[in-house]
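Subject: Structure handover

Hello,

Here is the structure I said I would pass on. Please look through it first, then read the notes below.

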Amino acid sequence: MKILREIKLPGLWLLHSYYTMPPWAPDGSGRLLLSGADLVARIGEVLVVAPDGGIEARFGRHPVETDFFHTGFWQSWSPDAKSVYFLSGTLKAPAITRRELATGRETTIDGAMEGAPPDGEPLVSGLIGMLYAAGYGSGVYNPAIAPVPFEARDRHGVFEYDFATGKPYLRLSVQQLLDAHPDRERLLALDRELAARNRTPAGLTLMCYCVRWSPDAKRMMFHFGNHCVVAGRGEPRILYLFSCNRDFSDLRMSLDLCGGRGVHWSFQPDGQQLVGYADNRLSAVRLDGSGLRQVADAAGGGHPSVSPADPLLAVTDTGEGMIEFWDLERNRIVDAAHFSNVVPGKEAMLGLRNEFRVCHHPVFSRDGKSVIFNVLENGLSHLAEIEVPERKS
């Protein structure tokens, strides 16, 4: 595996946003958009890194919470690379900031973000704080940090954020999705049973989260359920993937992943299929939920994506620190290597979000020639960029 470069910044725990979001500037300048944290001060910032590895701009300094060590501040480019969006505020009181790079002018509105859509505004997201209140990242059920009570299902779901008005719009509420759900009666029965058992207002910890985009931004998918909830609540794993158009029309249930069937689904480059793990194997499905099939024996449960230059080449990572390239035509590994993703001696914290563990989150460049990912080494996370291998006949 050929390493093209490593991006390290002294004293900073550094990472890119997510495996579905190329950190390279969309204007072809070669700049990278990253987040870095000073672990002593517990303060993070957004960084624009020049092609030579120098810092071109730094801004957005604010305290880090548990979520930072997974996705940074969800820093995202605008389509013209003239502005940057990033998550500010807190998990309980989230805010989104847009910064114009040339002027430094910032606009902040209330709301959460999980990366900006490829076509820019308006932004769309669930409330990330709900995910962490359910126990994701910490392993502790803590509804007190939720920005909206779980039981207020008509007040949280998938939001649209318009910087022109500065207002959030709840476009699809958890209650709307529950009312229209094909498994509605079963979910309501479970909800009543768990509410009585746990003596809580809501039984099932239902929420909407993990909004992901097709490359052309014409369609989005999102998760509906509670797959991250802590075991102590006795909840079954509830996870459905829904998809809809950019304007929220044509809402469909694309996949039922209840009962521990799979993780980490996102769009393939064709915008018509999803790729992820189902029944512990790398799989694909069409947006209408048809054609679910295994596409490779990859079983690492990591973060898979398909090359934008070769629809039969995929990259994924594993919890054990492997980066693997898979030939989907021949169902075989093209290349693989291990990169550290945990501080030695802290392996027991692999399921948590903190400075002792990082997800590699490998992501293809827009031309499919390289892949970049996070690496944890000597107590600090940094970035490694590698050359994409060719599939051979």
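I start with a turn. β15 and β16 form a hairpin with six residues between the strands, and F248 there takes a positive phi near 75 degrees. Strands here are DSSP runs of E with at least two residues, helices are runs of H or I with at least four residues, and both are numbered from the N terminus.

Before going further, note that this is a predicted model: local features need pLDDT of at least 70, side-chain atom pairs count only at pLDDT 80 or more, and totals for chains, interfaces and linings use all residues. Residues are numbered from 1 along each chain as its sequence is written, and side-chain values use heavy atoms, with hydrogens and water left out.

β15 and its partners

The pairing of β15 with β16 (residues 252–256) is antiparallel and has four bridges. Two strands count as paired if DSSP finds at least two bridges between them. Within this pair, L241 has L255 in β16 as its bridge partner. β15 also pairs with β14, again in the antiparallel sense, over seven bridges. There, M221 is matched with S243 in β15. As for general background, strands of a sheet pair through backbone hydrogen bonds, either parallel or antiparallel.

Is β15 mostly covered or mostly open? It is mostly covered, as six of its seven residues are buried. Buried means under 20% relative accessible area, exposed means over 50%, and partly exposed lies in between (1.4 Å probe, protein chains only).

Helix α4

α4 has 15 residues, which at 1.5 Å a residue should span 21 Å; its end C-alpha atoms are 21 Å apart, so the two agree. The expected span is 1.5 Å times one less than the number of residues in the helix. The buried residues in α4 are L187, L188, L190, D191, L194 and A195. They cover an arc of only 160 degrees around the axis, which means they sit on the same side of α4. That arc is taken from the directions from the helix axis to the C-beta atoms.

What covers these buried residues? The cover includes α3 (174–180), β14 (219–225) and β15 (239–245). On the face turned away from the buried side, α4 carries the exposed residues R192 and A196. Just after α4, R199 has a positive phi of about 55 degrees.

T205

T205 lies in the loop between α4 (184–198) and β13 (207–213). Its relative accessibility is 1%, so T205 counts as buried. The side chain of T205 makes polar contacts with two other side chains: that of R233 at 3.4 Å and that of E235 at 2.4 Å. A polar contact is a pair of N or O atoms within 3.5 Å; within protein, one must be able to donate a hydrogen and the other to accept it, and residues adjacent in sequence count only if both atoms are side-chain atoms. Leaving aside neighbours within four places in sequence, T205 is in contact (heavy atoms within 4.5 Å) with A134, Y141, F150, G225, N226, V229, R233 and E235.

The sheet from β6 to β9

Four strands form an open antiparallel sheet in the order β6-β7-β8-β9. β6 (76–77) and β9 (106–110) are at the edges with a single partner strand each, so one side of each has no neighbour in the sheet.

β7 (residues 83–89) and β8 (residues 94–100) are antiparallel and joined by seven bridges. V84 stands opposite R99 in β8, and G89 has P94 as its bridge partner. The hairpin of β7 and β8 has four residues between the strands. β8 pairs with β9 over five bridges, also in the antiparallel sense, with I96 matched to I109 in β9. Their hairpin has five residues between the strands, and G104 in the turn has a positive phi of about 80 degrees. Six of the seven residues of β8 are buried, so β8 is largely enclosed by the rest of the structure.

Nonpolar cores

A nonpolar core is a set of buried Ala, Val, Leu, Ile, Met, Phe, Trp, Tyr and Cys residues joined through side-chain atoms within 4.5 Å. The largest has 43 residues, and Y161, M207, W265 and L274 touch the most other members. α2 gives the most to this core, with five residues. Apart from it lies another core of 25 residues, including L172, V174, I238 and Y240.

Regards
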